[in-house]
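Work through the exercises below with the sequence and the model open. Each task is followed by a solution in steps.

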Amino acid sequence: MEGDISKIDNILFNLGYLDLLAYRDSEIHRVNPVAKFITTVVYLFFVISFNRYEIKMLLPFSIYPLFLILRADLPFGYILKKVLYVSPFVIMVGIFNPIFDRHIFFSFNGINITSGWVSFLSIIIKYFLTVTTVIVLIGVTGFYNLCYAMNKVGVPKVFSVQLLFLYRYIFLITEEAARMTRARELRTPISKPVSLKVYGSLAGHLLLRSINRAERIHRSMILRGFDGNIKIAGRTSYRLNDFIFMSLWILVFIFFRFFDISDFIGKLVLKVFL
Amino acid sequence: MSHHIVQAEDLHYTYPDGKFALQGLSFLITHGESVAIIGANGAGKSTLLMHLNGVILPQKGMVRIGEMPVTRETLPNIRRTVGTVFQDSDDQLFMPTVFDDVAFGPLNLGFPKEEVEKKVRETLEKVGALHLINRATHRLSGGEKRSVAIATVLAMAPDILVMDEPTSNLDPKSRRNLIELLKSFTHTKIIATHDLDMAMDLCTRTIVLSEGKIIADGPTSDILINEQLLHKSHLEKPLSLQGCPICNKK
């Protein structure tokens, strides 16, 4: 019983923690959200653009999220845990590749490696790179700043405002759900799983409460002159550093994309040591 | 300054489920008055407040803000004149940061950007919350949320403040700060509340509602010592008017 209660509190804490990270101060945190957003989108685009059997050219791309984590002093373990949370899903997506794709990709000391395994590994690496980077981006920018950035670069307001509200109220809804579950648990002396009937009632109540709240929020919005169009006062200023951050990284990505740096380093190492 | 007047004339409202919420209310609140609206749960307090800002339009009778009757056509003006502070601050603070939330109203009124920033700072300063300007609204304490919620309303420069249970869920210190803050405002104030001690401190006049009707309307100091009346409307004498339980032990 106790386990369940602390589980929800934990989720709540975890959700808020990522947000709290964005309140820290570092040179990465100070980079304009728009610059970080654009750089990261370009990064994601490059990582995804590789073909399904690519591994070694992907590896240099880990520099960008690592750089952000180190310079912004984010807790590495926390971010890794977050990434691992979703990883079973990705493993499910890729796991059939080794089964169906049995072409031999290369042989190493008599062990045949099939292309299925290679593409599986490639999916996993791409997953780690992209998801880590997005989580890190939220951690160094803050969710609402990202929504502003999206708005600035032309993402339709419907999406950015939707996300903004989602993020504002997800804490309240989770808290409400946590309170309800806690109340149920405290009246269930012998721990047992939630029956479908009780679950339905809990979920239904949560929905009704959310609808009521939405109504009250809408009311408070129209009382302050809301006319269906949310106006956001952007207070971000651009500095030269933001531009340098963005253009340098994009140059690095282009370099990594078209120049096989792993191959180069490998050959260099061989040359020096053999 | 006639535009600070709030007048209700024979106000009726019946909810869609057939429940009578208001049954013929009439009153006149003049410029600068502080009025407490008290009564049992379900007496019609919140329904009345929703009539004052035009969220609900009267089914019968009329509400006037200043010279203006509350109708669909006058709503933009009414909403600028009447600022409403909700009971649950989380309903009021819907933007991600304090700055954006306070800026929401002025931006909708079409203020230019620099003016908005100035207005936000000014208003937050007034409620003593300027240090919160960059904080996320969901991370504020209850007392901070209430102050910011009031700032979001003040930023629209209303003449009349309508408040639903402003002191609920506040710790005693935050409650006291809020009362002092509200005392410093010169607006016409209409406050629905169960906190009769606050009503004593803040409001010179009290209107008592019961089952959608006004059963008393007069100086707060007279009404809050009328035990029979209070009992009838599920209320109790304010603590400050009750004898000290320790010194006055019988």
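**Exercise 1. Compare the radius of gyration of chain B with that of a compact globule.**

Step 1. The radius of gyration is taken over C-alpha atoms, and the globule rule is 2.2 Å times the number of residues to the power 0.38.
Step 2. For 250 residues the rule gives a value near 18 Å; chain B has 19 Å, which agrees with a compact globule.
Step 3. The C-alpha trace of chain B spans about 60 × 50 × 35 Å along its principal axes.
Step 4. Chain B contains ten helices and ten strands (DSSP runs numbered from the N terminus: helices are H or I with at least four residues, strands are E with at least two).

The model is predicted: local features need pLDDT of at least 70, side-chain atom pairs count only at pLDDT 80 or more, and totals for chains, interfaces and linings use all residues. Residues are numbered from 1 along each chain as its sequence is written, chains are lettered from A and ligands numbered from 1 in the order in which they are written, and side-chain values use heavy atoms, with hydrogens and water left out.

**Exercise 2. Repeat the comparison for chain A.**

Step 1. A compact globule of 274 residues would have a radius of gyration near 19 Å, but the value for chain A is 23 Å.
Step 2. The principal axes of the chain A C-alpha trace give spans of about 70 × 55 × 30 Å.
Step 3. Twelve helices and two strands make up the secondary structure of chain A, in the order α-α-α-α-α-α-β-β-α-α-α-α-α-α.

**Exercise 3. Describe how the two domains of chain A meet.**

Step 1. An automatic or database domain assignment sets the bounds: domain 1 covers 1–20 + 155–234, and domain 2 covers 23–141 + 237–267.
Step 2. Their C-alpha centres are 32 Å apart.
Step 3. Five residues of domain 1 are in contact with eight residues of domain 2 (contact means heavy atoms within 4.5 Å).
Step 4. The buried area is about 700 Å², with 60% from carbon and sulfur atoms (buried area is the accessible area, 1.4 Å probe, that two parts lose on being put together, summed over both).
Step 5. Zero salt bridges are found across this domain interface (a salt bridge is a side-chain nitrogen of Lys or Arg within 4 Å of a carboxyl oxygen of Asp or Glu).

**Exercise 4. Characterise the interface of chain B and chain A.**

Step 1. The contact takes 32 residues from chain B and 31 residues from chain A.
Step 2. Together the chains bury about 3000 Å², 57% of it on carbon and sulfur atoms.
Step 3. In chain B, the residues losing the most area to chain A are B:Asp91, B:Phe94 and B:Arg139, together 20% of what that side buries.
Step 4. The chains share four salt bridges. One of them joins A:Arg224 and B:Asp101, with the closest N and O atoms 2.8 Å apart.
Step 5. On the chain B side, α3 (89–92), α4 (98–108) and α5 (113–126) are the elements that give two or more residues. α4(B) gives the most, with seven residues.

**Exercise 5. Which parts of the two chains does the salt bridge of A:Arg213 and B:Asp88 connect?**

Step 1. The N to O distance between the side chains of A:Arg213 and B:Asp88 is 3.3 Å.
Step 2. A:Arg213 lies in helix α10 (residues 196–223) of chain A, and B:Asp88 in the loop between β6 (82–85) and α3 of chain B.
Step 3. Over all chains, the structure holds 25 salt bridges.
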